[in-house]
Amino acid sequence: MAITTANHKKRAVLRVRPGQFVVTPAIEQVAIRALRYLTSGFAVHLRGPAGTGKTTLAMHLANCLERPIMLIFGDDEFKSSDLIGSESGYTHKKLLDNYIHNVVKVENELKQNWVDSRLTLACREGLTLVYDEFNRSRPEVNNVLLSALEEKILTLPPSSNQPEYLHVNPQFRAIFTSNPEEYCGVHSTQDALMDRLITIKMPEPDELTQTEILVQKTGINRGDAKLIVRLVKAFRLSTGGEKTSGLRSCLMISKVCGEHEIRVSPENSDFREICTDVLFNRTNFSVSESTTIFLELLNHLHVNALEESNNDASKDDSLAILKNQ
Ligand SMILES: Nc1ncnc2c1ncn2[C@@H]1O[C@H](COP(=O)(O)OP(=O)(O)OP(=O)(O)O)[C@@H](O)[C@H]1O
Ligand SMILES: [Mg+2]
C-alpha cells in the first residue's frame, strides 16, 4: 500500500495508490459483501484476530470508493476533541485609526480559531473514514459517531466561529476494524455503536489466500510458500496459537528466505532457525516443548515432494507436503 499525503488544506487526507493487494476468491467474496453495504450508505466493521488482513482490506475498500481517505488509529488516550476538533490558538487583530490627527481610534479583536479534526473533516467533505482498531479508544470518546452514523449530524462544541451542528456530507463513508474484546488494550464497544455497523467477521485467511499473498508479496515460488503456510499452521494448531493468524509469521519467514536466498527445506538449518525465531515466542509453550513439536512436524515433511516442487513450480498443486494432513 503506497500512501501519499495530499497537500491542500486537508493535511491528513490520504491518497492510497493500489499496492500489492492480493485478491483470491475468498477475499473477493468479503470485499464484494462489504462494498455492497458501503455503497448503500452503511458503515462496515471488520472484526477478527490479529493478522487476518483487516486493515489491508479496509484500505482496499476505501480505495474502491474512490474518495480521499481519512485514517484514524484507535487510542486509549484519545479525547473527543481528537476526533472532532478543538479551538486552537487565537487570531488577534488590532486596528489603530489616526486619520484625524487629534483622534485615535483603537479596535481590538480577539478570535479563537476552530480546527477540524479528522472525523469532522471527513463528515464535512464527504471523505472515507477508516477507523482502525476503533475499540482501542475509550467507548465514550466514540459516542460522537452515533449521531453522525444514524442521524447524519455531527455535534460540535459551542463556539463563536461555527455552527454547533454539521450535516454529514452524503458521500461520507466509514470503515471500522477491531480485534475481539479478549485482546489486551481493547475496550468493549457500546451496543448502540455496534447496532449502527454491519460487522463482518474476518477469519484466518485460507491456505490458498495465504499462499498467494506470500508468492505475490515476497516473490518466493508457490511450492515454498505452501510449505511455509502449512508448517506454520500445523505448529500453531499444535501449540494453541489460534488467537492470532499465522499470516504475519508466514510473511516474515518467506521474506527472509526470499531475500537471503535461503532454501526452504526442513533439512536446511538456516530455514529451521528462521522458523524457530519467528514461531517460538508466539506461543506460551516452553522452548523445549516447542522444539519437540517443531521437530516432529519437520519429520512429517515429505522431503522428496518438496525437492520436486523446487525444481518444478508448476506441479505445486499436487504436492502433499505434510503427511497426515
Ligand atoms: N489481501 C492482501 N493482500 C496483500 N497483503 C495482505 C492481504 N491481506 C493481508 N496482507 C498482509 O498481511 C499482513 C497482515 O495484514 P493486516 O495488517 O491487514 O492484518 P490485521 O487484521 O489488520 O492485523 P491486526 O489486527 O494485527 O492489525 C500485512 O503484512 C498485510 O500486508
Ligand atoms: Mg490492523
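The shell around ligand 1 comprises seven nonpolar, seven polar and four charged residues. The model is predicted. Of the 18 residues around ligand 1, five come nearest: Gly51, Lys54, Thr55, Thr56 and Lys217. Polar contacts involve both backbone and side-chain atoms. Gly51 contributes a backbone N or O atom, placed 2.8 Å from an oxygen atom of ligand 1. Thr56 contributes a polar side-chain atom, 2.5 Å from a ligand oxygen. In Arg248, an N or O atom of the side chain lies 2.9 Å from an oxygen atom of ligand 1. On its own, ligand 1 has 620 Å² of accessible area, and the protein covers 85% of this. Three helices each give two or more residues to the shell: H2 (54–64), H7 (207–218) and H9 (247–259).

Helix H2 also has a set of buried residues. Lys54, Leu57, Ala58, Met59, Leu61 and Ala62 are buried there. Lys54 thus appears twice, as a buried residue of H2 and among the residues that come nearest to ligand 1. After H2 comes Glu66, with a positive phi near 55°.

Positive phi values also occur at two other glutamates. Glu133 has a phi near 50°, positive although the residue is not glycine. Glu133 sits in the loop between strand S7 (128–132) and helix H5 (144–150). Its relative accessibility is 24%, so Glu133 counts as partly exposed. For Glu261, phi is near 50°, again a positive value in a residue other than glycine. Glu261 belongs to the loop that runs between H9 and helix H10 (269–279). At 75% relative accessibility, Glu261 is exposed, because the cut-off for that class is over 50%.

Charged pairs were examined next. Side chains of opposite charge can pair when their charged atoms come close. Eight salt bridges are present in the structure. Three are described here.

One of the salt bridges joins Asp82 and Lys79, with the closest N and O atoms 3.9 Å apart. That distance falls inside the 4 Å limit, so the pair qualifies. Asp82 is partly exposed, at 29% relative accessibility. Lys79 is partly exposed as well, at 47%.

Another salt bridge pairs Arg138 with Glu140. Here the closest N and O atoms are 3.0 Å apart. Arg138 has a relative accessible area of 26% and is partly exposed. Glu140, with 46%, is partly exposed too.

What links Arg236 to Glu204? Their side chains meet in a salt bridge, at 3.1 Å from N to O. Arg236 lies in helix H8 (residues 222–238). Glu204 lies in the loop between strand S11 (197–201) and H7. The two parts are 32 residues apart in sequence, so the salt bridge ties them together. The accessibility of the partners was also computed. Arg236 is buried, at 10% relative accessibility. Glu204 is partly exposed, with a relative accessible area of 29%.

Helix H8 takes in residues 222–238. A further pairing in space concerns Phe235 and Glu296. Their C-alpha atoms are 9.8 Å apart, while the residues are 61 apart in sequence. Glu296 is part of helix H11 (residues 287–299). Its relative accessible area is 48%, and Glu296 is therefore partly exposed.

Cysteines were considered last. How many disulfides does the structure hold? The count is zero. Why does Cys250 form no such bond? The closest cysteine sulfur, in Cys275, is 9.3 Å from the sulfur of Cys250, too far for a bond. A disulfide requires the two sulfur atoms to be within 2.5 Å, so this pair does not qualify. Is Cys250 buried or exposed? Cys250 is buried, with a relative accessible area of 1%. Cys123 is also buried, at 0% relative accessibility.

Note on methods:
Residues are numbered from 1 along each chain as its sequence is written. Chains are lettered from A and ligands numbered from 1 in the order in which they are written. This is a predicted model: local features need pLDDT of at least 70, side-chain atom pairs count only at pLDDT 80 or more; totals for chains, interfaces and linings use all residues. Side-chain values use heavy atoms; hydrogens and water are left out. Buried means under 20% relative accessible area, exposed over 50%, partly exposed in between (1.4 Å probe, protein chains only). A residue is near a molecule or strand if one of its heavy atoms lies within 4 Å of it. A polar contact is a pair of N or O atoms within 3.5 Å; within protein, one must be able to donate a hydrogen and the other to accept it, and residues adjacent in sequence count only if both atoms are side-chain atoms. Accessible areas come from the Shrake-Rupley method with a 1.4 Å probe; for residues, only the protein chains shown count as cover. Helices (H or I, at least four residues) and strands (E, at least two) are DSSP runs, numbered from the N terminus. Ala, Val, Leu, Ile, Met, Phe, Trp, Tyr, Cys and Pro count as nonpolar, Asp, Glu, Lys and Arg as charged, and the others, Gly among them, as polar.
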